[in-house]
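User: I'm new to this one and would like a close look at a single part of it. Could you walk me through one helix and then show me what else is around?

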Protein chains: 2
Amino acid sequence: MISVEDALDHLFALARPVATELCPLTEAAGRVLAAPITAKLTQPPFPASSMDGYALNSVEADMHAQFVVIGEAAAGHGFDGRVGAGQAVRIFTGAPVPEGADCVVIQEEVERRGKLITLLTEDTSKSNIRPAGQDFSLGDQMKAPRVLTPSDIALAASMNHAELCVYKRPVVALVSTGDELVQPGETPADGQIIASNTYGLKALLEAHGAEARILPIARDNRSSLETVFSLCEGADLIVTIGGASVGDHDIVADVAESMGLDQSFYKVAMRPGKPLMAGQMGASVMIGLPGNPVSAMVCGHVFLLPFLRAMTGLEAAPAERFSATLTEPLPANGPREHYMRARVTKGQICAESRQDSALLSVLASANALLIRPPHDSARALGETVDYIRL
Amino acid sequence: MISVEDALDHLFALARPVATELCPLTEAAGRVLAAPITAKLTQPPFPASSMDGYALNSVEADMHAQFVVIGEAAAGHGFDGRVGAGQAVRIFTGAPVPEGADCVVIQEEVERRGKLITLLTEDTSKSNIRPAGQDFSLGDQMKAPRVLTPSDIALAASMNHAELCVYKRPVVALVSTGDELVQPGETPADGQIIASNTYGLKALLEAHGAEARILPIARDNRSSLETVFSLCEGADLIVTIGGASVGDHDIVADVAESMGLDQSFYKVAMRPGKPLMAGQMGASVMIGLPGNPVSAMVCGHVFLLPFLRAMTGLEAAPAERFSATLTEPLPANGPREHYMRARVTKGQICAESRQDSALLSVLASANALLIRPPHDSARALGETVDYIRL
């Protein structure tokens, strides 16, 4: 058995970035930017008014000074001429500031009669002008790789990009194994249960940028497994669930090896999730997860999501950890790293009382995995522990 | 001007839940469950072995006791007979425990010769059996409404549901207004800039369950606005961006009112984002956001996402707040609630130095909005402040 950290290192060594593609801006949120975005223009492209008011020269801005309004500048419609001595231009938010003006006096501080305005202020310490390039300049870059947020999309738009170069969605083939499984909506016979792992994992992986395909259930015999493995061709990652233990019916490793799996590791010192294997298998990477529903989902968070990130050029790093204080004590931990289902509320964390790895109802009510290092000593109420978000 | 809290209350009063629809389980993650899911079966449906080993009767489990192995129970293939005195059944993880047996001795604690096993333990305090219904029972419910997580999807699968009743995605029409705007990819003329708000807001709203449609840019004249408003028919929510201020070219409110807008409020005491309006407009709700890019995105987080939640039957509540400690002091705040762009790292928060509401580059590098209440006094390093996540 190896540690979770070592298992992740083995996985990262197997990760190859997928290809890139052009993606319309409207579909790029959540995708991983593959090449820096270079601003095609300067923003604002011109000094722009940030208020509605009058553009004039601040050296003339004395209390009760008067100006002749010689024209108007609106957003999208600049004033062509120059603002001379004793002159002002009516200006609106977003409009280019005309030449000769260096401040905008807001309309509330001006009295207007016909073409004449009188200032009711002499304070022009705030120019109400956004200088050209205040946000960014032609050639400035948004760095890659990064997971594109809605704010990034807005910024990319304003840099005048209608499509972005992103990593392709890694294709993940999800294979449940077991004679006891039927698909949701079918009627289970005696001794059978419903396949749930592939559905939960598909949702998890797709929320993090993968394209996940649920394959037919592989039965506990060589030919069924071989058939389903052959259907995985073209997948960047093949994930099997179940059949990875040492029972007489656990033949996933055997069959995978006969089909070319170069096993990188097997068994990880963690709870839940011990029987876990991974390796290169032809052009794909294969990861075998344990069959208990909670174990499979926990391994999804601990191994699959970081692997997915590494496949899209992001930093090869474990799931992000946060910390919170315990609202109930915890007993000492055994030799395996334990990922306890827990609830976090406002910086406080409490492990669920039932930790059996088959309890999906407990997992669904949890929002965190509380991490106990191997041989962690008993923890008291109020101590700080690490967790990852579900 | 009204407070952010009052504005939200007005908005929630306008929110009507959208209709529901059936959605395949594979597409339901992230959607809002509209009706409780009732378990169609008990899970596990039978007492199931949680280990590979031998099923027998624990009263006979003495050290070195011997048992005849009378058959096998594998996952999906139960043993039909009954385990009598002096008998055991070979059993694998997930298999139904046969009648007459009440514990599974793991294979590592058994010596087997032919059909005979000898126990190397007498400890059966751990039965290694998952009782029927340990996870849930026929008729148990997953409550609605809730945003369906990957774990929920796995639980719904194991309750044997292939499709779920969810709220429809609210349809949001996004309308940018302004003569100065061109679409990304176009070539701006003098005095023009790129429309970015609709792209950022579409990404934000779709990440939270809406179907967002970007409409043609409305120009600063009545007929253009009327045309674009008429294209919004069928939208649950119409969001305009810009043109909501009091400048001569800000005619959104006028045109919307002439087309039936029953204005609920106008102007909110917040920074950025003061010019904000909302009301009922025919069968749709109309929300008018300010045109500065950062203002529009901040209002998206503060108003649109909570409104979206209320439209899908979720609790009408402001954006979730978290708290963190300041790494730099902050000056006193003015009369408006201030949503400062900030960065949070491991429970510590720092406001960005540039807070102008036109700076998308600053918004894109922030991951939080630090909330200053109206008239908040100056804050020292180490004090705790509230924020919402970006």
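Which exposed residues does the face of α1(B) turned away from its buried side carry?

Analyst: Good place to start, and keep in mind that this is a predicted model. The face of α1(B) that points away from the buried side carries B:Glu5 and B:Ala13, both exposed.

Now turn to the other side. Helix α1 of chain B runs over residues 4–14, and its buried residues are B:Val4, B:Ala7, B:Leu8, B:Leu11, B:Phe12 and B:Leu14. Because they cover an arc of only 150 degrees around the axis, these residues sit on the same side of α1(B). There is a simple rule behind patterns like this: an α-helix has 3.6 residues a turn, so residues three or four places apart point the same way.

What does that buried side pack against? Its partners in chain B are the strands β20 (261–266), β21 (270–271), β22 (277–281), β23 (284–289) and β25 (337–345), along with helix α6 (293–311).

Let's step away from the helix but stay in chain B. There you'll find an open sheet of six strands with mixed pairing, in the order β8-β5-β7-β6-β10-β9. Its edge strands are β8 (103–106) and β9 (110–113), each of which pairs on one side only. On average, neighbouring strands of this sheet are turned by 40 degrees against each other, if you ignore direction. At the β8 end, β5 (residues 53–56) and β8(B) pair in the antiparallel sense over four bridges. One pair to look for there is B:Leu56 with its bridge partner B:Cys103 in β8(B).

Over in chain A, strands β9 (residues 110–113) and β10 (residues 116–119) run antiparallel and are joined by four bridges. Here A:Arg113 stands opposite A:Leu116 in β10(A). The two strands form a hairpin with two residues between them, and A:Gly114 in the turn has a positive phi of about 60 degrees.

For the wider layout of chain A, the domain assignment gives domain 1 (4–18 + 168–311), domain 2 (22–43 + 140–167), domain 3 (48–130) and domain 4 (322–389). The C-alpha centres of domain 1 and domain 3 of chain A lie 67 Å apart.

Finally, how do the chains relate? A rotation of 180 degrees, with 0.0 Å of shift along its axis, superposes chain A on chain B with an RMSD of 0.1 Å. That is the relation of a two-fold axis. The same surface serves both copies, with 100% of the contact residues of chain A recurring in chain B.

Definitions and conventions: Residues numbered from 1 in each chain as written. Chains lettered and ligands numbered in written order. Predicted model: local features only at pLDDT ≥ 70, side-chain atom pairs only at ≥ 80, totals over all residues. Heavy atoms only, no water. Least-squares fit on C-alpha atoms with pLDDT ≥ 70 in both. Contact = heavy atoms within 4.5 Å. Pairing = 2+ DSSP bridges. Axes fitted to C-alpha atoms, helices over the stretch in contact; angles between N-to-C directions. Domains from an automatic or database assignment. Buried < 20%, exposed > 50% of the residue type's maximum accessible area, 1.4 Å probe, protein only. Arc of directions from axis to C-beta.
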